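User: Could you walk me through one part of this model up close? I'm new to it, so please start with the sheet and then follow whatever connects to it.

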Amino acid sequence: MQYWLMKSEPGDIAIDDVLAAPGSAVRWTGVRNYQARNFMRDAMQVGDGILFYHSSCARPGVAGLAMVASAAYPDPTQFDPNSQYFDAKATLAQPRWVSIDVRGIEKTPLLPLMQLRSMPGLEAMLLLQKGSRLSITPVTSCQWQIIDARLHAADVR
DNA sequence: GCCAACGTTGGC
DNA sequence: GCCAACGTTGGC
């Protein structure tokens, strides 16, 4: 069992959208970065925990919890000429990009990026490294526990 | 909108 | 293989 952080633009797919989807699950499409793809293809397993992160928005931060709900399979948008994610170099025989299914678990109080930066024990999080842009990053179980505890702490601020 | 940082492309 | 140019990400 491993843990991950996945970025999503809430204007595109917010945690609410995942939870509202049939079976609380959505297909994760449009990843066009090889490192992120390799995580999905080679490392992510059903049941892995996901920190659902809202990026490129007014209040970036962890907005909920989710889990990996499928193994990797070819991302259908790479074959669709009408998709913004179409890739002319991908073929059915040799797909280039993969999707996984992501199942929402819960929406949490927003844990803003700035707070993550200030929390002891998270200094090594890939998300927080200078220039980090990866949309999928591994999270250690230590980091997960620190964040999970904070997300579920009584609301006393 | 700005801009730093990163990834990809393509000429050589 | 090098590296400049370009496009994208994402916080602010």
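Analyst: Strand S2 (residues 25-28) pairs with S6 in the antiparallel sense, over four bridges. Pairing here takes at least two bridges found by DSSP between two strands. The strands (E, at least two residues) and helices (H or I, at least four) are DSSP runs, numbered from the N terminus. Look for Val26, and you'll find Val102 of S6 standing opposite.

Before going on, some housekeeping: this is a predicted model, where local features need pLDDT of at least 70 and side-chain atom pairs count only at pLDDT 80 or more, while totals for chains, interfaces and linings use all residues. Residues are numbered from 1 along each chain as its sequence is written, chains are lettered from A and ligands numbered from 1 in the order in which they are written, and side-chain values use heavy atoms, leaving out hydrogens and water.

Back to S6, which spans residues 98-112. Strand S5 (residues 73-74) also pairs with S6, antiparallel and over two bridges; there, Pro74 stands opposite Val98. Then comes S4, joined to S6 by seven bridges and again antiparallel. Two spots to find along that pairing are Leu65, opposite Glu106, and Met67, opposite Arg103.

S4 itself (residues 61-68) is worth a pause. Seven of its eight residues are buried, so S4 is largely enclosed by the rest of the structure. (Buried means under 20% relative accessible area, exposed over 50%, and partly exposed in between, using a 1.4 Å probe and protein chains only.) S4 has another partner as well: six bridges join it to S3 (residues 49-54), and the two run antiparallel. Leu65 turns up here again, this time as the bridge partner of Leu51. S3 and S4 form a hairpin with six residues between them, and Ser56 in the turn has a positive phi of about 50 degrees.

That turn residue takes us to the DNA. A backbone N or O atom of Ser56 lies 2.9 Å from a phosphate oxygen of DNA strand C, which is a polar contact (a pair of N or O atoms within 3.5 Å; within protein, one must be able to donate a hydrogen and the other to accept it, and residues adjacent in sequence count only if both atoms are side-chain atoms). Ser56 is one of the residues around strand C, together with Lys7, Tyr53, Ser55, Pro60, Leu113 and Arg133; being near means having a heavy atom within 4 Å. Lys7 brings a polar side-chain atom to 2.8 Å from a phosphate oxygen of strand C. Arg133 goes for a base instead, with a side-chain N or O atom 2.6 Å from a base oxygen of strand C. Of the strand C atoms within 4 Å of the protein, 71% belong to sugar or phosphate and the rest to bases.

Arg133 also appears around DNA strand B, along with Tyr34, Gln35, Lys130 and Gly131. For strand B, sugar and phosphate make up 74% of the atoms that come within 4 Å of the protein. The side chain of Arg133 has an N or O atom 2.7 Å from a base oxygen of strand B, while a polar side-chain atom of Lys130 lies 2.8 Å from one of its phosphate oxygens.

Gln35 leads on to helix H2. Asn33 caps the N-terminal end of H2, with a side-chain oxygen 3.0 Å from the backbone nitrogen of Gln35. H2 covers residues 34-43, and its buried residues are Ala36, Arg37, Phe39 and Met40. They span an arc of only 155 degrees around the axis (taken from the directions from the helix axis to the C-beta atoms), which puts them on the same side of H2. And here we meet S6 again: the buried residues of H2 pack against S6, as well as strand S1 (3-8) and strand S7 (136-139). Contact here means heavy atoms within 4.5 Å.

Helix H4 (residues 141-151) also comes up against the sheet, with Gln143, Trp144, Ile147 and Leu151 buried. Seen down the axis, these fall within an arc of 100 degrees, so they line one face of H4. Their packing partners include S3, S4 and S6. On the face of H4 turned away from that buried side, you'll find the exposed residues Cys142 and Gln145.
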